[in-house]
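Biologist: I am new to this structure and would love a close look at its interior. Could you take me through what is packed inside and where empty space is left?

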Amino acid sequence: MKRTLGVCYYPEHWPQNLWKEDAKRMAEAGLSWVRIGEFAWSKMEPSPGELKFEWLDEIIEILGAAGLSVVLGTPTATPPRWMLEKHPDMLAIDKEGRPRKFGSRRHYCFSHEGYREECIRIVTLMAERYGKNPHVGAWQTDNEYACHDTTHSYSDSARSAFKNWLRVRYPGSGNDGDISTLNEAWGNVFWSMEYESFDEIDLPNLTVTQPNPSHVLDFRRFSSDQVVSFNSLQTEIIRSYSDAPITHNFMGKTTEFDHFEVGDDLDIASWDSYPLGFLEDRVVAPDEFKQSFARQGDPDFQAFHHDLYRSVGKGRWWVMEQQPGPVNWAPYNPSPLPGMIRLWSWEAFAHGAEAVCYFRWRQAPFAQEQMHAGLLRPDSVDAPAIAEATQVAKEIADAPSVEDCISEVALLFDYQSDWMWQTLPQGRGLEYFNLLYDNYRALRKLGLSIDIISPKEDFSEYKLVVAPGLLHMNDDLKKRLSERAGPTVVGPRSGSSTMHLGVDRPLGPNLPNIDVSTTRIETLRPDMPILIEGGGSVQGWSETLETSADPFRIMSNGELAAVSSGNLIYLGGWFDDEALIKAFSEICLKAGIELVVMPEGLRRRETSKEMFWFNYGTNNVEIEGRSYPPQSVTRDLIKA
């Protein structure tokens, strides 16, 4: 399969006399895909039952005639104003009890049955009309689930659906579930929180102090399931009319729902990559780091999500929206340095992307995103990014096809563990995502290529498996981790919780091949790290370990920071970057994994045919006798 480029286009924003010229210029730039339709419900149906698809027919035909393939989006992220008149209770309600009102987007509750029926109706109409259209090469469901904090709704619809979900999760001999089982699972004897029936259960918000963590965790699970089922409604309809692949565009550092489960209903995973916006808005790093990479992005953040969504898509994935210039939504919105559009595009291809699509074709002259750059300026003059996109198009025409990625290391990513950490963090800023990302970044700094996979996947053949922070591990996972031949790194906090977020006794990983338990946990202020002998420190989270296993790392206070037994290594604290790099260097040496320590800003990625080198820095970098210019991509063919 050839690597391809695309663009996001909003024909409803522009006069129809521009459409043919736009299509011509897209094709001349070397683009292959054009995503349309995902925000256009009011143009398709300006009033209830008044269907106007003729404009959509026309633009699809124009794009197809220019040799472009269409990604057709379902418009369910932007229900029109009349929908609210028809379903006044469809709005999501935030944690503080406030409605998420009309006037932007994603203003719906996943649990509202009336809105679900409306979505079924519009998706069916679109699938019937365009399912066999030769120019529609792919479909996208909705847009950016969870964006703007829209997964968790505290509406009456959500409350009713949550109660029914609990009845199924805690079944009894009758039709109403077993409330005593729920009371026991949640520990409701604490603070006299027992329920007599499921009808008494409310949503876990607006309580006097923190709500029961088991209640919160089940609500998070329920909310994720609502996203999964909402997506399935659409994919089932589309597949009944179309053979074209289906995707959804996920976001960066978004964990409110289980992406692996949504991915089970997709043919291709995709995500929206905004390196500069994410650096300012979502990356946790010192100000001096953000200043150094303000115009390039974090050297590891995009790669992390490329590797994650390759797994979500079971090997097939795209970048559906690639930042082409300044965005409009971050705290600060600088322009990328020359060469970065090309670098970001090639980095995605190096991680196995089939397509990279730029957002957007022409900068909007109105509304919320008018300050968001596109490939064209609002007056249709070329913006800086289009030259780099055109260069990439020429380069991929002569490059190898999409290749298998080669990884000796697996990092296990578990959405349920993220919800557990968020529910009981025990310290400010202690987030599961950040723990995973710290491990990923350290591995990348050693020149390694990594697969990010679900704990449900087979990881037996990897030379190294890294599984930090898995609060609950079922017996099957514990068995598979313990029986691996290669080294396996777990902890901190791994295996310490029951599935209901209670304490698993004894506190610790409870893995069969390593004798270690935790006798005390403390969370540390940022200015109270505990040094580790040999370099680095424990920060944020620290456990006092009771064990007969071998010491692996000792802290300056004499306590164990990590222990090992056979193939298992347990980290009893949140290791900083230096400590992780030293630990992984020692572990990889024993595992026979080749390391190349990366200079600041330089990263590499291996595929079955090429080795890619990416210099995010602003200076020339030399390593192993070779020079890598700033903001550059270097591709080495690998001999068979």
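Modeller: Happily; here is a walk through the interior, from the packed parts to the cavities. Please keep in mind that this is a predicted model.

Let's start with the largest nonpolar core, which has 168 residues. Within this core, Ile36, Leu56, Ile59, Leu464 and Phe584 touch the most other members. Take Leu56 as an example: leaving aside neighbours within four places in sequence, Leu56 is in contact with Ile36, Met44, Leu72 and Tyr130. Another core, of 19 residues, lies apart from the largest one, and its members include Ile93, Ile201, Leu203 and Phe219.

Now look at Val466, which sits in strand 11 (residues 464-467). Its relative accessible area is 0%, so Val466 counts as buried, a term that applies under 20%. Beyond the neighbours within four places in sequence, Val466 is in contact with Val409, Ala410, Leu411, Leu412, Asn439, Leu443, Val489 and Phe584. Pro99 is 367 residues away from Val466 along the chain, and 41 Å separates their C-alpha atoms.

And the empty space? There are 3 cavities of 30 Å³ or more, and the largest cavity has a volume of about 40 Å³. Lining the largest cavity are Cys109, Phe110, Ser111, Thr151, Ser153, Ala158, Phe222, Ser223 and Gln226. Helix 8 (residues 213-241) gives the most to this lining, with 3 residues. By type, the lining has 4 nonpolar residues, 5 polar ones and no charged ones.

Terms used. Residues are numbered from 1 along each chain as its sequence is written. This is a predicted model: local features need pLDDT of at least 70, side-chain atom pairs count only at pLDDT 80 or more; totals for chains, interfaces and linings use all residues. Side-chain values use heavy atoms; hydrogens and water are left out. A nonpolar core is a set of buried Ala, Val, Leu, Ile, Met, Phe, Trp, Tyr and Cys residues joined through side-chain atoms within 4.5 Å. Buried means under 20% relative accessible area, exposed over 50%, partly exposed in between (1.4 Å probe, protein chains only). Contact means heavy atoms within 4.5 Å. On a 1 Å grid over the protein atoms alone, a cavity is a set of points where a 1.4 Å probe fits but cannot get out, and a pocket is an open set with protein on both sides within 12 Å along at least five of seven lines; lining residues have an atom within 4 Å of a point. Grid points are joined across faces, edges and corners, and a volume is the space filled by probe spheres set on the points. Helices (H or I, at least four residues) and strands (E, at least two) are DSSP runs, numbered from the N terminus. Ala, Val, Leu, Ile, Met, Phe, Trp, Tyr, Cys and Pro count as nonpolar, Asp, Glu, Lys and Arg as charged, and the others, Gly among them, as polar.
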